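Here is a friendly walk through a protein model, written for someone who likes to check backbone angles and contacts. Please keep the viewer open while you read.

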Amino acid sequence: MDKLDLRQGGGAALLSDAASPAHLRIDLWNRVREGVEELARKPSDDRRSELENLFRRLDEVERLWAYPGAERIEQVRRHYRAGDVTQLREVVNDLADRLSQSGDRAALADGAKGARYFTLLLVGTMAPEQLRALRRNLYDLRATRPGDLVYEIVQVASFEEAWLAVMCNVDIQAVVMRQSFPIGAETPLSSPGIRAELAKLVAPLAQSSAPICEALAGALHHLRPELDLYLLTDESLTDESGRAATLFSRVFYRFESPHELHMTVLDGVRARMKAPFFDALREYADRPIGNFHALPIARGHSVFNSRWIDDFGRFYGDNLFMAESSSTAGGLDSLLEPTGSIREAQQLAARCFGARRTFFVTNGTSTANKIVHMALVRPGDIVLIDRNCHKSHHYGLALAGARPVYLDAYPLQRYAIFGGVPLATLKQRLLDLKREGQLARVRLLVLTNVTFDGIVYHPERVMEELLAIHPRLCFLWDEAWFAYGRFLPLMRQRTGMAAARALSEKLASRAYRDEYQAFRSGLGPDGLDGLSDREILQQRLLPDPERARVRVYATQSTHKSLSAFRQGSMIHVWDERFERDAAEPFTEAFFAHTSTSPNHQIVASLDVARKQMELEGFAMVKEAFQLALRMRDRIAGDPLISKYLSVLEQDQLIPEPFRRSGFDRYVHSREVGALERAFAEDEFVLDPTRLTIYTPLTGNNGFEFRSQVLMKALGVQVNHTSINTVLMNATIGVTWGALSFLLDGFRRYAAGLDRRLEQATVEEGRLFEAKVSAITTELPPLPEFSGFHPAFRGSPVGEGDLRAAFFLAFREDAVEHLPLARAEAVLASGRPLVSTRFVVPYPPGFPILVPGQLVSPQILAFMRKLDVKEVHGYRRDLGLAVFTAAALERVQSRAPTAPEPQPAALH
Ligand SMILES: Cc1ncc(COP(=O)(O)O)c(C=O)c1O
């Protein structure tokens, strides 16, 4: 069958309030409520015709939801037609209240209120009596077998309605579809935003010969891969391609028993509700167990029986202590060698996050990163790494004995922050290394995706082009902040795992082989070697499918964006060579860094975080995304707030050459398809849920705004600050209530500032302007990576022996401290200065110096201008720690940086 490209079906236009049917529906019900009130007060023909119009529009959207359902809406109409305004008022108020309080759950009978609710979507026209029979059977089964799960059925007739229902009704957990049904709805939805979105989605269907049920299954899978899809067919399908088997969890033939369908649907949802380790831990906590292990806190005896720390026990409650156990003694699984519930939990996580393997880590992504470095890198290997990466990478490299080649991300001078590393820079560094004959030593590329400030890479494009130059390169995407990215299609394509899968499938396809052959013949007999660097940088490269290996790792702080306890982290692996080349070193690295007493509560929370995302990840991330867009609109649209504060936009954080789609701002952006084009094509995009608030027009730098306005006046905690920004995250835990509280606070603060400035004396006004100018236009230039000193440098490409410098720094006779002014004078005299330490100012939080790095005048100037209290690795009282000239000479005379020869098998 044809391969449909359904990547365009992300529904981005429906993510904004204006176009969202979910939003539209609430809005319509509120308007009906108001209309009925007006009618009761003062009946008129105009009011009646307005109400009738609202009813018609409600019919259009309500078909996607189970509650109130067609019958209740008909009841409303009956009261209206009968002119019974009292009844009408009562019913409408009741419906609107229930809807806003509990959504579709309002459909549940009172006896079922404690059960977990979901919606089953039926797609395709059935003869009315057939549908009624199926419905009745399913409802009867539901009634005769009451359980922990109940569902309602929504039936739609077409591809368009089915897709819209799954996009908008987040209670849908399973879809049963007929084999064939029309593309378009009989009565199409009239909202222009929705129509445009649907038109874009169904355009490829017209040219495709694929069965419509498979096309819908593909589109729904793209939207919400976790959903269970079932096919209900009249005839036995001749599924020679085996595609139905991969798209559907199960195929039902016409007259198979409804009982079977009902049980299968429930089983599918239950499979996602399962949290094997958490369930096992709960069971353990309920068992009467005497404890003579070295864990006095287990069961809480040493706490609850204490006269001094019983309040500690009361604060956390019984369960925490009942669930404390040792993996060896408690009969629970072991994180270090999982064979039972942890193993199963990790397998479920791999399925959920689209990885081939997933490993739980209980010491944060700081440790996850070190594990991956140690697993993949051998002493002397070269690692390409963004200098702004989290410090765990730099320490990991020192431990592993790797030679980093530091990469510079593009600078955002106005905000004193860095963006991402451009693809051209990455390609150029690989070409330089190739020219120096060092390519075989290059093992790994490390990038942060998303960056702290919300810059998102295009991992598929990056990996594809770099594998064309170096087919054996491995990739580590630090997704500490991006675990939620998986759950919205728009974002998913930008995650390491989704990109790895897409690339693997592409390289294995026949179509790609043909494409590659055409590309290769276009290069001429010498391939890339026959082209200049410039030519290589300018064209899109394709990797050789025979040689390229897709070897991708992603580390995620589950605790930063999902519902896990602090330090809960995951390593996701899509490595085609894992079993053969990496499994053993990975296990050793995991042993090296993992506590032999891993915290069970953290492991359980990782299991539960996965479960939650498989059931409501789409709903939650979509909500966070929508809230962030709404917040951006409100700040920009508020005349008072926007005088002093703004949220930085795509065009302010991503220079134009990286935005080929032309998409430049989220605020009031309504062009259908623009956002999707940007996410599909642009080199970088901005994650809208990371709200970088620009503060200088308030006269506060980021740090002051955080501490004096946000924390002190509004009681709000934020993520981080730069010199003139504060970063706020719209996570899955954020509510509109919290955001509007913040908006109100901003408004009050802006009004106060307005008054203060109006009443300010000339002198005060001048002081304020000077402060604004200092934090808008007089920022210190961001220093680039200056290079390693020759004593620690390998080839001319400049990879450094970080480890040698790191350990030399502990020899007292090798180190001296210089105050900044003295350092500047020494540098001016011509003596090179070399840092012994990682020097990391907060903010901005990236290492301006690493061990072995040359201190440059720009770095000293930056340090002088930097007005921050916290600079890790630098003591103001002592000065900058540098190597003595004698120590550098000693190192150079021993030339210790020559790499060890590597066994060929490693590459
Ligand atoms: C990009 C990045 N990677 C890794 C980490 C470390 O993660 P964790 O706090 O889970 O150890 C952080 C922490 O802020 C980070 O920002």
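Let us begin with a helix on a sheet. Helix H16 (residues 341-353) lies across S6, S14 and S15, and its direction makes about 120 degrees with that of S6. A second helix, H18 (residues 391-400), also packs on the sheet. H18 touches S7, S8, S11 and S13, and runs at about 165 degrees to S7. Please bear in mind that this is a predicted model.

**The sheet under the helices**

In what order do the 7 strands of the open sheet follow one another? The order is S6-S15-S14-S13-S11-S7-S8, with mixed pairing. Strand S6 (357-361) and strand S8 (403-407) stand at the edges; each has a single partner strand, so one side of each lacks a neighbour in the sheet. On average, neighbouring strands of this sheet are turned by 20 degrees against each other, direction ignored.

Within the sheet, S11 pairs with strand S13 (residues 474-478) in the parallel sense, over 5 bridges. If you would like one pair to click on, take Val446, whose bridge partner in S13 is Leu476.

**Backbone details**

Most residues other than glycine have a negative phi, and most peptide bonds are trans. With that in mind, here are some spots to inspect.

A cis peptide bond joins Tyr67 and Pro68, with omega at about 5 degrees. Pro68 sits in the loop between helix H2 (45-62) and helix H3 (69-81). Another cis bond runs from Asn449 to Val450, where omega is near 0 degrees. Val450 belongs to the loop that lies between strand S11 (442-448) and strand S12 (455-456), and S11 is one of the strands in the sheet described above.

Turning to phi, Ala416 has a positive value near 55 degrees, although Ala416 is not a glycine. Ala416 is in the loop between strand S9 (411-412) and strand S10 (417-418). Is Ala416 buried or exposed? With a relative accessible area of 2%, Ala416 counts as buried, because the cut-off for buried is under 20%. Gln567 also has a positive phi, near 80 degrees, and is found in the loop between helix H25 (558-561) and strand S15 (569-575). Gln567 is partly exposed, at 41% relative accessibility.

**Salt bridges**

How many salt bridges does a search of the whole structure find? The search finds 51. Here are some of them, with the closest N to O distance for each.

| Pair | N to O distance | Relative accessible area |
|---|---|---|
| Arg48 and Asp45 | 3.2 Å | Arg48 33%, Asp45 60% |
| Glu464 and Lys506 | 2.5 Å | Glu464 1%, Lys506 24% |
| Glu816 and Arg831 | 2.7 Å | Glu816 24%, Arg831 25% |

The salt bridge of Arg48 with Asp45 stays inside one helix: the two residues are 3 apart in H2, and so about one helical turn separates them. Arg48 is partly exposed, whereas Asp45 is exposed.

Next come Glu464 and Lys506, whose salt bridge has its closest N and O atoms 2.5 Å apart. Glu464 lies in helix H20 (residues 459-469) and Lys506 in helix H22 (residues 496-508), so this pair ties together parts that are 42 residues apart in sequence. Here Glu464 is buried and Lys506 is partly exposed.

The side chains of Glu816 and Arg831 form a salt bridge as well. Glu816 is in strand S21 (residues 815-818) and Arg831 in the loop between helix H35 (820-828) and strand S22 (840-842); the pair links distant parts of the chain, 15 residues apart. Glu816 is partly exposed, and Arg831 is partly exposed too. Elsewhere, salt bridges with shared partners join Arg551, Asp575, Arg577, Arg580 and Asp581 into one network.

**A nonpolar patch on the surface**

Which residues make the nonpolar surface patch of about 640 Å²? They are Trp308, Ile309, Phe312, Phe315 and Tyr316. Trp308 is located in the loop between helix H12 (301-304) and helix H13 (310-316), and is exposed, with a relative accessible area of 72%.

Key. Residues are numbered from 1 along each chain as its sequence is written. This is a predicted model: local features need pLDDT of at least 70, side-chain atom pairs count only at pLDDT 80 or more; totals for chains, interfaces and linings use all residues. Side-chain values use heavy atoms; hydrogens and water are left out. Helices (H or I, at least four residues) and strands (E, at least two) are DSSP runs, numbered from the N terminus. Buried means under 20% relative accessible area, exposed over 50%, partly exposed in between (1.4 Å probe, protein chains only). A salt bridge is a side-chain nitrogen of Lys or Arg within 4 Å of a carboxyl oxygen of Asp or Glu. Two strands pair if DSSP finds at least two bridges between them. Axes are lines fitted to C-alpha atoms, for helices over the stretch in contact, and angles run from 0 to 180 degrees between N-to-C directions. Contact means heavy atoms within 4.5 Å. Patches are made of residues with over 30% relative accessible area and no salt bridge: like charges are joined within 9 Å, nonpolar side chains (Val, Leu, Ile, Met, Phe, Trp, Tyr) within 5 Å. Accessible areas come from the Shrake-Rupley method with a 1.4 Å probe; for residues, only the protein chains shown count as cover.
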